[in-house]
Amino acid sequence: MQELNVAKLFIHPDYDHTTFGNDIAVLKLTSDINITDFVRPVSLWNTDSNENTIFGSQGSVIGFGLNEDDEESDTLQQATIPVLDAQTCLAYDNETYGNYLTAQMYCAGGKDNVSACNGDSGGGMFFNISDTWYLRGIVSFSPTRPNVKESLCDSSKPTVFTDVTKYRKWITRYTNTTKWLKNLKPCKDGAIEKDTECNAATRFDNGFLLQAIFLEEKVSLRRFSLKGDQAFNGRELLTVNSLFGIDKDCVEGRFYWTDYENESIFSAKYDGTDVKAFISKILDATCCAVDWISRHLYWVNDDKETIEVASLDNPDLRTTVMIDVDGNSRIAVDPLQGKLYITSEGHGIVWSNLDGSEPELLVESSGINGITFLITTGELCYVNEYTSKIECIDTRSRRIRTIASNVADAFFLAETGDIMYWSHYKSDTIEGINQQGIMDMTV
């Protein structure tokens with residue numbers, strides 16, 4: 001037996017504990033499972049999601065729930081039970097199943113007093129197809145026995161299972177974020193309604209890099225195509241007085257930057273037009289980071305040694321989330337997991353909740369420079385100035401991998417999902433490396 005800790009619990013947003021609707025969750029572990037001869041992975045059911053195709057089939061349920069003596073089992077138990085159609089299920093207990101059974105569930109069991117019971121909830125129902133095991137159901141609930149003080153399962157009636165095939169898209173969001181993002185349909189123009197799932201980034205031209213080139217008195221923001229369009233490579237979008245931090249809002253197609261000479265934060269459209277002052281006279285704003293999901297902008301205030309946050313939709317709504325912060329700290333946001341990352345001079349990288357609570361040291365190292373979060377892999381990547389390496393840490397397992405070595409004077413980091421880019425502050429060049437470790441000189 002292996003005991004593993006849970007790093008994050010993702011409960012379905014529409015779960016209803018009163019009706020057992022959408023009774024499903026994804027657990028992200030703090031470490032990988034050790035695959036052995038006795039501990040093996042199982043595949044998600046990836047064929048027809050129509051429950052009619054499994055009616056009458058025999059599936060296996062395992063767990064440590066109550067046995068025939070209503071005692072918790074010390075050993076893993078297994079039962080083979082048949083899948084029933086809805087009408088057969090209703091015939092057992094029309095009141096219970098009629099009130100709770102939905103198209104996202106199915107029934108199984110009810111024969112020979114064999115079923116899942118208390119303590120088995122959350123376990124799977126598996127089917128062996130051509131020597132490959134597939135997960136189709138998750139134990140949800142069963143009717144309770146009549147005339148008993150405790151709420152105990154009635155093993156003479158079928159167990160209801162959550163049908164995982166109805167949640168494959170939702171599961172993929174957490175198990176394969178890259179695939180989930182690619183399969184999302186582009187968002188339509190206009191406001192994005194609450195609970196809408198769409199890829200906001202594809203509403204705007206996103207096949208480019210922005211580079212800040214520091215001149216004697218100004219900073220030139222230039223655009224470089226990632227699609228081989230040489231006509232626009234190096235085109236200057238605009239010049240600004242000064243710049244320390246820059247980040248993008250892919251929902252509205254704007255980028256934000258801190259102008260420390262004007263003590264302000266500005267924004268503009270991806271093409272450099274419609275320049276606006278987001279916040280004026282906020283003292284010394286240095287690094288900034290956009291949370292495009294909850295619609296907030298975070299920045300480091302060098303003068304106050306704080307991290308502050310404001311609503312992207314109403315910048316007058318702002319507050320301080322962290323104090324006693326090094327004014328030269330770099331910050332990054334993971335909008336999906338709700339995490340804020342901060343470099344700490346001489347210590348490494350600290351992460352916290354977006355409200356600044358529960359800070360914890362994630363990376364212990366000196367010389368950390370630019371940082372960026374990879375939504376597709378769940379990793380935080382950073383430049384280690386002392387080792388001249390670009391490394392990424394898996395925030396779940398804490399494993400660190402080296403992306404590139406011998407990268408002297410690397411500064412800003414950016415990624416496209418397939419390629420990691422970084423700029424050199426001494427030469428104004430940009431380099432990139434793909435997932436196969438092949439270098440790609442960009443600019």
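The exercises below, each with a worked solution, concern salt bridges, burial and surface charge in a predicted model.

**Exercise 1.** Find out which parts of the chain are tied together by the salt bridge between Asp32 and Arg396.

*Solution.* Begin with the pair itself: the side chains of Asp32 and Arg396 meet in a salt bridge, with a distance of 2.7 Å from N to O. Next, place each partner, for Asp32 lies in the loop between strand E2 (25-29) and strand E3 (43-44), while Arg396 lies in the loop between E27 and E28, so the salt bridge ties together parts that are 364 residues apart in sequence. Then consider the surroundings of the pair, where Asp32, Arg396 and Arg399 are linked in a network of salt bridges. Finally, Asp32 has a relative accessible area of 36%, and is therefore partly exposed.

**Exercise 2.** Decide whether Ser397 is buried or exposed, and name its contacts beyond four places in sequence.

*Solution.* Start with the location: Ser397 is found in the loop between strand E27 (389-394) and strand E28 (400-404). The relative accessibility of Ser397 is 17%, and because buried means under 20%, this residue counts as buried. When the neighbours within four places in sequence are left aside, Ser397 is in contact with Thr30 and Ser31.

**Exercise 3.** For the salt bridges Arg254 with Asp274 and Arg401 with Glu379, work out which partner is buried and which is partly exposed.

*Solution.* The side chains of Arg254 and Asp274 meet at 2.8 Å, N to O. Arg254 belongs to strand E14 (residues 254-259) and Asp274 to the loop between strand E15 (264-269) and strand E16 (276-279), so this pair joins parts that are 20 residues apart in sequence. Arg254, at 9% relative accessible area, is buried, whereas Asp274, at 33%, is partly exposed.

Turning to the other pair, Arg401 and Glu379 form a salt bridge at 2.7 Å, N to O. Arg401 lies in strand E28 and Glu379 in strand E26 (residues 379-384), so the parts they tie together are 22 residues apart in sequence. Here Arg401 is partly exposed at 32% relative accessibility, whereas Glu379 is buried at 7%. In the model, the count of salt bridges comes to twelve.

**Exercise 4.** Identify the residues that gather in a patch of negative charge on the surface, and describe the position of Asp302.

*Solution.* The patch is formed by Asp302, Asp303, Glu305 and Asp324. Within the chain, Asp302 sits in the loop between strand E18 (296-301) and strand E19 (306-311). With a relative accessibility of 33%, Asp302 counts as partly exposed.

Key
Residues numbered from 1 in each chain as written. Predicted model: local features only at pLDDT ≥ 70, side-chain atom pairs only at ≥ 80, totals over all residues. Heavy atoms only, no water. Helix = DSSP H or I, 4+ residues; strand = E, 2+ residues; numbered from the N terminus. Buried < 20%, exposed > 50% of the residue type's maximum accessible area, 1.4 Å probe, protein only. Contact = heavy atoms within 4.5 Å. Patch = residues over 30% accessible without salt bridge, like charges linked within 9 Å, V, L, I, M, F, W, Y side chains within 5 Å. Areas by Shrake-Rupley, 256 points an atom, 1.4 Å probe, with all protein chains shown as cover. Salt bridge = Lys/Arg side-chain N within 4 Å of Asp/Glu carboxyl O. Lys, Arg positive; Asp, Glu negative; His and termini not counted. Charge placed at Lys NZ, Arg CZ, Asp CG, Glu CD.
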